[in-house]
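Here is a friendly walk through the charged pairs and a few individual residues of one protein chain. Keep the 3D view open as you read.

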Amino acid sequence: MKNIIIIGSGFHAKVVMDEILRKKEYKILGFVDINKKKGTKVNTSPQFKILGDLDYLKRKKNFEAILAIGSNHKRLKIYNQIKVAKIKIKWATIISKDSIISKNVNLGQGSMIISGSIINRNVKIGKHCIINTGSIIEHDNELMDFSSTAPGAKLGGNVKIGKLSFVGLGSCIKQNIKVGENTVIGGNSFVNKNCIKNYTYFGNPAKKYKPRKKNQSYL
């Protein structure tokens, strides 16, 4: 059984923890969090503790890790801090045993597929992406690095999602649509036209709402 460290200890990290425990392929060593003291117990998961901050990863050997941080921008920020610190990590790719994934899906390192998701043929998912509970990703989609879907998102065929972009809770994107980088699709929206980068869209049909700055929260 391989060892794994979960980076982050918030709500999303606990979902990731549950998926890892159910697969029974890894032994969870604990959590790393730059904002919490070493030895702190993880809420609702008292069997696990905070192992330390990023310096702990420098000293540890023979493990894999996953960035279990829900925010796309925060996930990228921690990734960059690890890269600058020259910490060598083998990134785990976690696929829930309760998801349905076509054999020819190209899934980038560090990405996470959560329970109930369906991913069809010729889909490309970049590095450190999150496909959340019950998402449907149809054939020939492409999701760039550090992008994510919320629970229940549905993407028709040949949809392109840009880096750091987010598809909100229960939203649907029509086939052949392109969503630009750093763009948010608000919850329960229907997207039937291309969405330019650095904007928030929502509604049925989805309309451009307001521009987004770098590192801005989802909505």
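A search of the whole structure, which is a predicted model, finds six salt bridges. Three of the pairs are set out below, with the N to O distance for each.

| Positive partner | Negative partner | N to O distance |
|---|---|---|
| Arg 22 | Asp 98 | 2.4 Å |
| Lys 23 | Glu 25 | 3.6 Å |
| Lys 58 | Asp 55 | 3.8 Å |

Let's take Arg 22 and Asp 98, whose side chains meet at 2.4 Å. How many residues apart are these two partners? They are 76 residues apart, so this pair links distant parts of the chain. Arg 22 belongs to helix 1 (residues 11–23), while Asp 98 sits in the loop between strand 7 (94–95) and strand 8 (100–101). Are the two partners buried or exposed? Neither word quite fits: Arg 22 has a relative accessibility of 32% and counts as partly exposed, and Asp 98, at 38%, is partly exposed as well. Both values fall in between because buried means under 20% and exposed means over 50%.

The bridge between Lys 23 and Glu 25 has an N to O distance of 3.6 Å. Lys 23 is partly exposed, with 24% relative accessibility, and Glu 25 is partly exposed at 39%.

The pair of Lys 58 and Asp 55 is set within a helix. Both residues lie in helix 2 (residues 54–59), three residues apart, which is about one turn of the helix. Their side chains meet at 3.8 Å, N to O, and Asp 55 is partly exposed with a relative accessible area of 38%. Elsewhere, Lys 2, Glu 64 and Lys 90 are joined into one network by salt bridges that share partners.

Some charges form a patch instead. Which residues make up the positive surface patch? Lys 83, Lys 127, Lys 163 and Lys 214 form it. One of these, Lys 83, is placed in helix 3 (residues 72–84). Lys 83 has a relative accessible area of 59% and is therefore exposed, since the cut-off for that word is over 50%.

Now for two residues with little accessible area. Ser 165 is found in the loop between strand 18 (160–161) and strand 19 (166–167). With a relative accessibility of 1%, Ser 165 is buried. What is Ser 165 in contact with, apart from neighbours within four places in sequence? The partners are Asn 72, Phe 146, Ser 147, Ser 148, Val 179, Gly 180, Glu 181, Asn 182 and Thr 183.

His 12 is a residue of helix 1. At 14% relative accessibility, His 12 counts as buried, because that value is under 20%. Setting aside neighbours within four places in sequence, His 12 is in contact with Ala 68, Ile 69, Gly 70, Ile 114 and Ile 130.

Asn 35 gives a contrasting view. This residue lies in the loop between strand 2 (26–32) and strand 3 (41–42), and Asn 35 is exposed, with a relative accessibility of 67%. If you would like a distance to check in your viewer, try Asn 35 and Val 16: they are 19 residues apart in sequence and 19 Å apart in space, C-alpha to C-alpha.

Technical notes:
Residues numbered from 1 in each chain as written. Predicted model: local features only at pLDDT ≥ 70, side-chain atom pairs only at ≥ 80, totals over all residues. Heavy atoms only, no water. Patch = residues over 30% accessible without salt bridge, like charges linked within 9 Å, V, L, I, M, F, W, Y side chains within 5 Å. Areas by Shrake-Rupley, 256 points an atom, 1.4 Å probe, with all protein chains shown as cover. Salt bridge = Lys/Arg side-chain N within 4 Å of Asp/Glu carboxyl O. Lys, Arg positive; Asp, Glu negative; His and termini not counted. Charge placed at Lys NZ, Arg CZ, Asp CG, Glu CD. Helix = DSSP H or I, 4+ residues; strand = E, 2+ residues; numbered from the N terminus. Buried < 20%, exposed > 50% of the residue type's maximum accessible area, 1.4 Å probe, protein only. Contact = heavy atoms within 4.5 Å.
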